[in-house]
Amino acid sequence: MTGTTTASAPLPAHGRTHELHRVAALSDRLGSGRGGALLITAEPGLGRTALLARAAHDFTAGPVLCPRTAPAESRVPYSGVHALLCAAAGRTATQPATVLTEGMAAAGLWELLPGIAAGAPLLVCVDDAHLWDAPSRAALGFAARRSDTLPGIGLLLSVAHTRALDPDFSGLPVLRLDALDDGAATALLEDLTGRAATPAVREALLSEAEGHPALLTALVARLSPDQLRGHRPLPRPLADGAALLRTFGRQLTPLPAGTRLLLLLASAAHEADPEGPGAGRVLAAARAAGLDPAALGPAEAAGIAHGEGDRIVFATPLLRRTVYEGAPPSRRRAAHELLASVTDRERHRLGRLFHLALAADAPAGPLAAALAAAATAPGAGPSAPSGPQRSAALARAAELTPHENARVARLTAAAEYALLAGRPGKARELLTGARDTTVHEVVRARAEFVDGVLALRDGPVADAYQALLVAAAHLAPYDPPRARSARLAAMEAAWAAGDAAACLTALADPPPTAGEAPGPGTTGPRATDDETTGVETTDDATAADETTGDYRRGLRAALDGRPREARAPLRRVLEHTRDDDDPTRLILAGVAALVLGDLAAACRANARALALTRSRGIDALAPQVLEHLAYAELRAGLHARARAHAQEGLRAAHRAGQRNLAAHQHAILAMVASVEDTPEAVAAHARAALETAGPHGLVQAATLATWASARTDLCHGRALEAAARLGPLTRPGPQRGHFAVRMLAVPCFVEAAVLTGRRAEARAAVDAYAAWAAHGTDPQAPAQLARCRALLSAPGDTDALYALALDRHEAADSTFERARTHLLYGKWLRRQRRPGEAKYRLRDALVAFERCGAAPWADQTRAELRATGEAPAPAPAGNLRRLTPQQLRIARCVAEGATNREVALRLSVSPRTVDHHLRNVFALLGVRSRTELSRLVARTEGADAPAHPAGPTPY
């Protein structure tokens with residue numbers, strides 16, 4: 001027990017502002033004559049020791065005691081208190097030996113501290129307090145809980161995060177240190193490197209350190225200037241055993257040898273099965289090594305690992321890695337041999353082979369082939385190997401493979417599984433080992449395919465497009481199914497880039513290869529891996545996939561301006577996938593439905609794809625499915641659902657390292673915010689989308705983000721700005737809007753152009769829109785076309801055109817667009833000096849905007865109503881904007897003091913309905929009681945504002 005948890009933790013200046021304020025507040029209490037305590041808890045390497053050192057350095061009001069004890073003293077009763085008294089030697093007449101009697105009570109330290117302070121402010125900093133002996137911990141916790149009664153005396157304690165809830169320290173105010181966020185970690189890295197690290201090196205360091213300042217410091221220390229600048233390759237692994245031991249090893253050193261061996265077995269078991277085998281297998285290996293199962297006890301006492309059901313769980317992944325990487329290679333191999341000996345060869349074939357492979361110290365072709373076969377064997381369900389396990393096993397098989405073709409093929413397969421598991425960084429690392437080698441064309445093509453998919457999700461889509469087309473050309477003679485997948489992925493890249501011609505190129509039928517019949521009946525090989533070459537050979541033929549064939553033909557016809565020819569194959573795609581359980585084919589069905597204008601079918605297909613993706617844990621596919629579902633819901637006018645799925649997709653994309661999909665989700669959220677939220681929220685999402693869309697060439701995301709900004713301008717009376725944004729967006733040609741989105745934005749442009757006097761441009765846009773609407777690809781287009789014509793019509797025709805638009809809205813079922821038509825109609829009626837009719841239309845618009853949560857548009861409608869002489873109900877203020885109209889009415893009733901039953905009677909609903917809505921109100925507003933809700937309503941709406949309209953307001 002040394003009082004430190006890391007070798008050289010930096011002072012917590014970056015990302016620790018809140019924590020420093022909490023510690024400074026404790027120091028201020030002591031300076032003012034009051035006592036206090038604070039318990040700091042964190043994982044190893046996050047700066048507990050550094051924060052205590054900073055607190056001791058900054059405390060100038062009086063003395064600071066930092067007691068330290070040796071590891072061997074942790075079983076000596078009161079050794080911790082003795083260390084504290086020794087640190088205070090000379091400040092009290094009482095000698096340590098005279099108070100450390102066998103019967104000393106827990107209150108003894110609390111009684112001793114005032115004498116040590118001698119009337120001056122005193123700060124006691126105890127690092128790793130959980131490692132003190134039990135009686136000393138009890139005395140320390142007793143004194144800390146009663147520190148308010150100790151004038152000018154403060155106790156600043158630190159414990160491992162697993163020990164924060166120990167009874168000895170219960171009841172203390174807790175300050176938890178979390179890993180540094182990206183901004184703080186980047187700032188620390190810039191300080192450590194003097195801004196010398198290249199972007200790629202910086203990203204690798206930040207990813208490996210996982211926000212741990214001490215580990216980041218250790219990693220930087222082991223790199224040369226040439227490595228920081230990218231002139232030389234980084235060491236692999238970046239965080240090796242030496243770096244991990246320097247950072248976290250002090251916690252392991254005091255453990256008995258038997259405990260360290262048990263931990264090594266547990267960490268070695270994790271290497272072969274990332275999901276973690278049962279502790280029974282680990283304990284069986286421990287018994288084979290002559291270990292007592294009670295050997296885990298010291299590790300549990302130190303907060304390093306603990307038993308959890310039938311598993312041994314490490315406190316943090318970095319501690320587990322430290323145990324494994326810090327052990328000598330010979331001991332790691334011995335641990336894997338022990339684990340292999342107790343692993344059933346039939347039930348856990350992959351695990352056993354993996355342990356044998358990790359125990360091998362030289363290339364072994366047969367073992368590598370057996371391991372690769374087990375890793376790629378089909379299987380599903382809870383007992384099936386996970387993606388990370390398959391990837392790690394294939395990577396190890398590649399290391400043991402003596403033949404270059406097979407080695408690269410297995411590395412590529414490992415990268416594919418890593419990509420499917422949502423670990424693109426690992427996939428790129430594996431592909432690095434597959435480059436710059438002389439291998440067969442198809443082996444190289446598979447690596448190019450995975451590389452292209454990585455770029456498609458997180459890189460310039462133009463690069464992805466070219467890489468995928470090259471891969472498809474090289475794969476076609478050997479692996480037609482994968483070649484078709486590469487072409488579809490290339491089409492996806494071209495679509496994101498807004499390049500219709502490139503989409504057609506990717507969708508075109510490739511020329512038949514030797515031995516392959518042309519046309520939709522083309523046959524292709526089934527893969528069988530050859531150990532010496534790694535090249536797949538043909539041993540039977542399969543029919544081309546009907547779904548993808550119809551999808552390619554239908555989409556090609558649609559993009560080529562032949563919508564009638566596109567309908568039949570795209571309808572067949574929907575029929576093929578009606579009961580399909582393949583998420584990737586369901587995504588194609590969702591796209592087909594959107595092209596057909598069947599928005600409900602698009603939502604259904606993507607919702608089913610999401611359910612299947614979740615049930616199977618396909619992490620890498622989730623962001624794409626969520627983006628397609630959110631976009632379909634956005635097109636259907638289901639803004640609340642689109643927002644929920646886009647927010648989930650954004651989180652999933654960030655977890656999976658898929659920045660391109662994150663940009664698309666931000667663009668969708670900007671579109672939703674242009675309906676529901678403030679201009680600031682729209683700008684934030686649009687800016688986030690464009691930050692990636694610009695350098696990566698994501699024209700669709702950029703078009704949606706720009707459209708969202710323009711729609712917000714239009715909502716807030718900035719028609720000039722809206723027209724300026726939308727003009728270039730809605731015209732065809734290069735450097736314009738996305739070919740699949742620009743027509744959807746035309747109604748907004750027509751409205752803005754009419755308001756700004758650009759009627760000729762508006763008429764040209766309406767003519768193009770009418771031709772597009774005739775294809776039936778958007779069910780809302782007929783109503784919006786009539787609305788656009790009403791905006792441009794002569795006064796005598798306007799009423800009939802608005803009436804036609806409203807009639808067509810009934811078929812399209814879009815509350816928001818129908819409300820916009822009512823609003824525009826009401827505005828026109830008011831300007832025609834027909835206020836009575838205008839009020840009728842504007843009231844309908846207001847109710848509809850409130851129903852769909854379009855608060856900014858409802859505000860604009862209220863302003864129009866006031867211009868007619870009517871005083872509409874006040875708009876909800878502040879956070880109340882987040883509530884639906886019904887939730888807002890209930891909140892206002894509760895703010896008046898009404899019970900749930902009284903609210904139910906007033907609004908003609910059931911008490912259960914009131915209770916349900918009120919729980920949601922509490923969650924949305926972040927309040928915990930009716931009193932807090934009343935205060936919030938009063939604060940945001942004003943004391944004299946009506947708390948509730950007279951009676952229920954009908955929709």
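How many bridges pair β1 and β5, and in which sense, parallel or antiparallel? Four bridges, in the parallel sense. Keep that pair on screen, and remember as you go that you are looking at a predicted model.

**The whole chain**

Start zoomed out and colour by secondary structure. The protein chain holds 46 helices and seven strands. Now colour by confidence: the chain averages a pLDDT of 83, and 88% of the residues score at least 70. Select residues 1-10, where the pLDDT is below 50; beyond near neighbours in sequence, this stretch has 38 contacts in the model. Then jump to residues 943-955, where the pLDDT is also below 50 and the corresponding number of contacts is 21.

Two more numbers for the wide view. Of the 955 residues in the chain, 53% are buried. If you take contacts with a separation of 6 or more, 66% of them link residues 24 or more positions apart.

**The sheet**

Select residues 36-42, 64-65, 122-126, 153-160 and 174-177. You should see an open sheet of five strands in the order β2-β3-β4-β1-β5, with parallel pairing. β2 (64-65) and β5 (174-177) stand at the edges with a single partner strand each, so one side of each has no neighbour in the sheet.

Go to the β5 edge first. Ile-40 stands opposite Leu-175 in β5. Show the side chains of β5: Leu-175 and Leu-177 are on the covered face, while Val-174 and Arg-176 are on the uncovered one.

Now swing over to the β2 edge. Here two bridges join β2 to β3, and the two strands run parallel. Pick out Leu-65, which stands opposite Val-124 in β3.

Next, add the helices. Helix α6 (residues 134-145) packs on the sheet and touches β1, β3 and β4, its direction making about 130° with that of β4. Helix α2 (residues 48-58) lies across β1, β2, β3, β4 and β5, and runs at about 165° to β4.

**A pair of cysteines**

Stay in this region and select Cys-125 and Cys-66. Why is there no disulfide here? The sulfur of Cys-66 is the closest cysteine sulfur to that of Cys-125, but at 4.6 Å it is too far for a bond; the cut-off is 2.5 Å. Cys-125 counts as buried because its relative accessibility is 3%, under the 20% limit. Across the model the disulfide count comes to zero. Another cysteine to check is Cys-748: the nearest cysteine sulfur, that of Cys-788, is 9.0 Å away. Cys-748 also counts as buried, at 3% relative accessibility.

**Helix α36 and its surroundings**

Cys-748 brings you to the next stop, so select residues 746-755, helix α36. Nine of its 10 residues are buried, so the helix is largely enclosed by the rest of the structure. Among the buried ones are Pro-747, Phe-749 and Glu-751.

What do the buried residues of α36 pack against? Show α34 (699-715), α35 (719-729), α37 (759-773), α38 (781-792) and α40 (815-831) to see their partners. Just after α36, click on Gly-757, which takes a positive phi of about 80°.

Now centre on Val-750. Leaving aside residues up to four places away in sequence, Val-750 touches Ala-762, Ala-765, Val-766, Cys-788, Leu-791 and Leu-792.

**The nonpolar cores**

Val-750 is also a way into the largest nonpolar core, which has 169 residues; Trp-707, Val-750 and Phe-849 touch the most other members. For the helix that gives the most to this core, select α32 (residues 659-676), with 11 residues. Apart from that core lies another, of 51 residues, including Leu-216, Leu-291, Phe-314 and Leu-318.

**Last stop: Leu-296**

Finish in the loop between α13 (279-288) and α14 (297-301), where you will find Leu-296. Is Leu-296 buried or exposed? Buried, at 10% relative accessibility. Display what is around it: not counting residues up to four places away in sequence, Leu-296 touches Leu-262, Leu-263, Ala-305, His-306, Gly-307 and Ile-312. For a final distance, pick the C-alpha atoms of Leu-296 and Ile-312: these residues are 16 apart along the chain, and the atoms are separated by 8.9 Å.

Conventions:
Residues numbered from 1 in each chain as written. Heavy atoms only, no water. Pairing = 2+ DSSP bridges. Contact = heavy atoms within 4.5 Å. Axes fitted to C-alpha atoms, helices over the stretch in contact; angles between N-to-C directions. Buried < 20%, exposed > 50% of the residue type's maximum accessible area, 1.4 Å probe, protein only. pLDDT = per-residue confidence, 0-100. Core = buried A, V, L, I, M, F, W, Y, C linked by side-chain atoms within 4.5 Å.
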